[in-house]
Amino acid sequence: MKKIIHKAEDRGFANHGWLQANHSFSFASWHNPEKVHFGALRVLNDDVIAPKMGFGTHPHDNMEIITMPLQGILKHRDNMNTEWQAVVPGEVQVMSAGTGVQHSEINGSVDEHLSLFQIWIIPEKRNVEPRYDQKRFNVNARKNKLQTVVTSFKDADNESLKIHQDVKVSRIDLSKGTSFNYKLKSEKHGVYMMNIFGSIEVEGDILDARDAVGISEIDSFTVTSYSDSELLCIEVPMLKL
């Protein structure tokens with residue numbers, strides 16, 4: 001087994017006033033040569049955006065982008081659909097930037113902060129046609145069991161959103177004292193697991209809120225919760241960039 005531990009306090013941080021941004025991997029002006037990517041996972045940003053504020057129109061290409069609101073209302077608009085799309089907690093948004101996309105993201109509330117995760121996945125195919133999708137997932141369906149929210153177009157799972165990479169992105173809400181076994185897709189995959197909140201143990205390491213572990217070169221491993229906890233699991237091919 002190969003394992004890396006990323007403590008919450010060791011993440012990159014940028015305070016832009018309207019935006020409080022935590023970076024698990026090198027992003028924008030923050031660069032750590034030991035934290036550039038985890039396999040095909042290139043970005044995991046943990047952002048808090050002030051009311052009525054956000055990111056103006058900007059471009060992306062050849063990246064699979066996944067956004068998960070945790071609190072508040074995200075409003076999204078792009079050059080594929082000029083209407084503002086609301087994305088709320090319990091929903092997941094995916095966007096294949098492909099040959100190029102222009103989009104804007106703002107906090108849709110006038111009085112509540114927006115908290116979200118944004119995930120960038122390196123695609124297995126370049127220059128695909130840009131694509132957008134979003135879906136609501138039943139929060140109760142992830143109680144003490146994995147709920148898969150994003151997989152590859154090649155995967156037979158018809159309930160998940162789709163991107164152009166052999167991934168499995170999932171959530172699980174663990175009750176205190178609960179254990180579960182995570183089984184990886186293949187020996188070529190690794191999983192980056194962030195403890196959104198709570199306290200858990202993963203193969204001998206304690207992870208508190210926003211701590212993360214990256215595990216590869218193993219078939220399966222066990223997670224035990226010491227308190228009610230919510231986990232984000234991002235399983236990706238272990239690409240060497």
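**Exercise 1. Determine whether strand 6 is enclosed or open to solvent, and find its pairing partners.**

Step 1. Strand 6 covers residues 64–71, and six of its eight residues are buried, so the rest of the structure largely encloses this strand. Buried means under 20% relative accessible area, exposed over 50%, and partly exposed in between (1.4 Å probe, protein chains only). Helices (H or I, at least four residues) and strands (E, at least two) are DSSP runs, numbered from the N terminus.

Step 2. The model is predicted: local features need pLDDT of at least 70, side-chain atom pairs count only at pLDDT 80 or more, and totals for chains, interfaces and linings use all residues. Residues are numbered from 1 along each chain as its sequence is written, and side-chain values use heavy atoms, with hydrogens and water left out.

Step 3. Two strands pair if DSSP finds at least two bridges between them. With strand 9 (residues 91–96), strand 6 forms four bridges in the antiparallel sense; here Ile65 has Met95 as its bridge partner.

Step 4. With strand 11 (residues 114–121), strand 6 shares seven bridges, again antiparallel. Glu64 lies opposite Ile121 of strand 11.

**Exercise 2. Describe the largest nonpolar core and state which strands supply it.**

Step 1. A nonpolar core is a set of buried Ala, Val, Leu, Ile, Met, Phe, Trp, Tyr and Cys residues joined through side-chain atoms within 4.5 Å. The largest one has 33 residues, and Ile66, Ile121 and Val150 have the most contacts inside it.

Step 2. The elements that contribute two or more residues to this core include strand 4 (41–49), strand 6, strand 9, strand 11 and strand 13 (147–152). Strand 11 gives the largest share, four residues.

Step 3. Contact means heavy atoms within 4.5 Å. Not counting residues up to four places away in sequence, Val150 touches Ile66, Val92, Val94, Ser160, Leu161, Ile163, Val167, Lys168 and Val169.

Step 4. A separate second core has 16 residues, among them Ile172, Tyr182, Val213 and Cys233. In soluble globular proteins, nonpolar side chains tend to be buried together.

**Exercise 3. Classify the aromatic pairs of Trp18 with Phe55 and of Phe25 with Tyr192.**

Step 1. Rings of Phe, Tyr and Trp (its six-membered ring) pair if their centres lie within 6.5 Å; planes under 30 degrees apart count as stacked, over 60 as edge-to-face and the rest as tilted. The whole structure contains five aromatic pairs.

Step 2. Trp18 and Phe55 are 5.3 Å apart centre to centre, with 75 degrees between the planes, and the pair is edge-to-face. Trp18 sits in the loop between strand 2 (12–15) and strand 3 (19–23), whereas Phe55 belongs to strand 5 (residues 54–60), 37 residues apart. Trp18 is partly exposed at 25% relative accessible area, and Phe55 is partly exposed at 26%.

Step 3. The ring centres of Phe25 and Tyr192 are 5.1 Å apart and the planes stand at 55 degrees, so this pair is tilted. Phe25 is in the loop between strand 3 and strand 4, and Tyr192 is in strand 17, 167 residues apart. Phe25 and Tyr192 are both buried. Together with Phe38, they form one aromatic cluster.

**Exercise 4. Locate Ser170 and list its contacts.**

Step 1. Ser170 is part of strand 15 (residues 168–174). At 0% relative accessibility, Ser170 is buried.

Step 2. Neighbours within four places in sequence aside, Ser170 contacts Leu146, Gln147, Thr148, Val149, Tyr182, Leu231, Leu232 and Cys233.

**Exercise 5. Work out the strand order of the four-stranded open sheet and name its edges.**

Step 1. The order is 5-10-7-8, and the pairing is antiparallel. Strand 5 and strand 8 (81–87) are the edge strands, each pairing on one side only.

Step 2. Strand 7 (residues 74–78) joins strand 8 through four antiparallel bridges. Asp78 has Asn81 of strand 8 as its bridge partner.

**Exercise 6. Summarise the protein chain as a whole.**

Step 1. The protein chain has zero helices and 22 strands. Its radius of gyration is 17 Å, close to the 18 Å from the globule rule for 241 residues, so the chain is as compact as a globular protein of that length. The radius is taken over C-alpha atoms, and the rule is 2.2 Å times the number of residues to the power 0.38.

Step 2. Of the 241 residues in the protein chain, 52% are buried. Among contacts between residues at least 6 apart in sequence, 72% join residues at least 24 apart.
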